Amino acid sequence: MTVSPDPVGAAVDEVVELVSALIRFDTSNTGELATTKGEAECARWVAARLEEVGYTTEYVESGAPGRGNVFARLPGSDPSRGALLIHGHLDVVPAEASEWSVHPFSGAVEDGYVWGRGAVDMKDMVGMMIAVARRFKQAGVVPPRDLVFAFVADEEAGGKYGTQWLVDHRPDLFTGITEAIGEVGGFSLTVPRRDGGERRLYLVETAEKGIRWMRLTARGTAGHGSMVHEDNAVTAVAEAVARLGRHRFPLVLTEPVLQFLAAVTEETGYTFDPDSPDLEGAIAKLGPIARIINATLRDTANPTMLSAGYKANVIPATAEAVLDCRILPGRQDAFEAEVDALIGPDVTREWVTAEPAYQTDFSGDLVDAMNAALLTCDPDARTVPYMLSGGTDAKAFARLGIRCFGFAPLRLPPELDFSALFHGVDERVPVDALKFGTRVLDYLLTHC
């Protein structure tokens, strides 16, 4: 009997080396132009991997030298259908090598994992994108709709020199695109079944909280530190920060959160009573993923920076603080009113960064295709929607009317604390998860 060759085998065989090679590019994004590096070199390497199998790529530097982005389009069989954008960012947050078990930019393949900064955020998905795109070209695959592969800069600092710039200055790159998939979705969460055994839920991101970085400023009278001062700017801003930092914003259960909790209840029998004073405690039964889920139950305003004064015996005229605010869809006006009441009349606020919340429905042909792709590769899979407490490049694409999902598929070991790996020490991705994700992505892009 003749055994048919595995059509996806070529992509699966090379994905681990692709991810390892991507990690070896130090694309650390410090948030400052002078010290951010590596994006252009990495982007040109990606372009070369695509061009060597026949793609025509476009390299774009967005807003500043070295902020490299690469685009490639694969025409589909039905030009009347909207194109699908598959996007991944090339930059990573910095890493301190002395804290790691392996060098963070080694791309080491050890103990069944690929190690290094970006392994899950998000050079794993970038590697899968390259592997699948190369296979399609080499095998002459014609997808059902146009596919646009985008490899972009500066996501880790908000996309000012990446997707935000591209959307504003090069909207032509996104012509015809109606939907998109990107990071922080499609990964598995293993939960206990109510009747025994386990079930793998695959979380598809359908919503993101809004990101607002807020600067608070207090002004007072400068003077000598030895005297009595009734209008001390440092005291005023410190009190405002303390009130905000301790404040619990109201519980608001959005549709993606309700759908997620309902699915978990159906599988596990766990109950999540919105009227319970300890809903967060009930969600904690799910393990480390509770860090993300509990952060999507309410708005947050976390103090991150303080700045005041220049000498120990001088009371400064001004004091400032910065808070990282994450706001649920539909809550912007109510959030601002609550903040204003907390900080009081003597402290002013301004938005340093303002990226709106995003939400879409968990329905439609693309969602059905994601579900089918996962079931084909994991018959015990169940896809469920969820909201991301952070943010992705989807916020920029949504400004063009593109419907966005987080779908970077990985089948994870139940014991792996996946959420802790994002920006964490010893970031790593399982080799088997990469190979699984490559198969899922390949299926999705040929059936979407």
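Which residues in helix 1 meet which residues in helix 12? The legends below begin with this contact, and every view shows a predicted model.

**Figure 1. Helix 1 packs against helix 12 at an angle of about 125 degrees.** In this predicted model, the axes of helix 1 and helix 12 lie 9 Å apart. An angle over 115 degrees but not over 145 counts as oblique, and the two helices are therefore oblique to each other. The crossing of helix 1 past helix 12 is right-handed. On the side of helix 1, the contact involves Ala11, Val12, Val15, Val16 and Val19. These residues meet Val431, Leu434, Lys435, Thr438 and Arg439 in helix 12. Sorted by class, the residues in the contact of helix 1 with helix 12 are seven nonpolar, one polar and two charged.

**Figure 2. Helix 1 (residues 9-23) also meets helix 3 (residues 123-139).** The axes of helix 1 and helix 3 come within 8 Å and cross at roughly 135 degrees. Helix 1 and helix 3 are therefore oblique to each other, and their crossing is right-handed. Helix 1 contributes Ala11, Glu14, Val15, Leu18, Val19, Leu22 and Ile23 to the contact. From helix 3 come Lys123, Asp124, Val126, Gly127, Met128, Ile130, Ala131, Val132, Arg134 and Arg135. The contact of helix 1 with helix 3 comprises 11 nonpolar, one polar and five charged residues.

**Figure 3. Helix 10 (residues 365-377) crosses helix 12 (residues 431-447).** Here the axes come within 9 Å, and the crossing angle is roughly 140 degrees. Helix 10 and helix 12 are therefore oblique to each other, and helix 10 passes helix 12 in a right-handed crossing. The residues of helix 10 in this contact are Leu366, Ala369, Met370, Ala372, Ala373, Leu374, Thr376 and Cys377. Those of helix 12 are Phe436, Arg439, Val440, Tyr443, Leu444 and His447. By class, the contact of helix 10 with helix 12 contains 11 nonpolar, two polar and one charged residue.

**Figure 4. Two backbone details are found at Asp111 and at the bond from Asp121 to Met122.** Most residues other than glycine have a negative phi, and most peptide bonds are trans. Asp111 is not a glycine, yet its phi is positive, at about 55 degrees. This residue lies in the loop between strand 4 (109-110) and strand 5. The peptide bond from Asp121 to Met122 is cis, with omega near -10 degrees. Met122 belongs to the loop between strand 5 (113-115) and helix 3.

**Figure 5. Arg428 of strand 19 (residues 428-430) has contacts with residues distant in sequence.** How many residues apart in sequence are Arg428 and Ala108? They are 320 residues apart in sequence, while their C-alpha atoms are 9.3 Å apart in space. Leaving aside neighbours within four places in sequence, Arg428 is in contact with Tyr113, Val114, Trp115, Ala119, Val120, Leu416 and Leu421.

**Figure 6. The largest cavity has a volume of about 70 Å³.** Rolling a probe the size of a water molecule over the atoms shows where empty space is left. A search of the whole structure finds one cavity of 30 Å³ or more. The lining of the largest cavity includes Val120, Met122, Asp124 and Met125. Glu183, Val184, Gly185 and Phe187 also line the largest cavity, together with Ala408, Leu410, Phe418 and Phe422. Of these lining residues, nine are nonpolar, one is polar and two are charged.

**Figure 7. The largest pocket has a volume of about 1200 Å³.** This pocket is lined by 44 residues. Those nearest its centre are Trp213, Asp324, Arg326, Gly390 and His423. Three helices give two or more residues to the lining, namely helix 4 (163-169), helix 8 (290-294) and helix 11 (394-398). The strands that do so are strand 10 (210-219), strand 12 (300-308), strand 14 (318-327) and strand 15 (347-355). The lining of the largest pocket divides into 16 nonpolar, 16 polar and 12 charged residues.

Technical notes:
Residues are numbered from 1 along each chain as its sequence is written. This is a predicted model: local features need pLDDT of at least 70, side-chain atom pairs count only at pLDDT 80 or more; totals for chains, interfaces and linings use all residues. Side-chain values use heavy atoms; hydrogens and water are left out. Axes are lines fitted to C-alpha atoms, for helices over the stretch in contact, and angles run from 0 to 180 degrees between N-to-C directions. Helices (H or I, at least four residues) and strands (E, at least two) are DSSP runs, numbered from the N terminus. Angles under 35 degrees count as roughly parallel, over 145 as roughly antiparallel, 65 to 115 as roughly perpendicular and the rest as oblique. A crossing is left-handed if the near helix is turned anticlockwise from the far one by less than a right angle, and right-handed if clockwise. Contact means heavy atoms within 4.5 Å. Ala, Val, Leu, Ile, Met, Phe, Trp, Tyr, Cys and Pro count as nonpolar, Asp, Glu, Lys and Arg as charged, and the others, Gly among them, as polar. On a 1 Å grid over the protein atoms alone, a cavity is a set of points where a 1.4 Å probe fits but cannot get out, and a pocket is an open set with protein on both sides within 12 Å along at least five of seven lines; lining residues have an atom within 4 Å of a point. Grid points are joined across faces, edges and corners, and a volume is the space filled by probe spheres set on the points.
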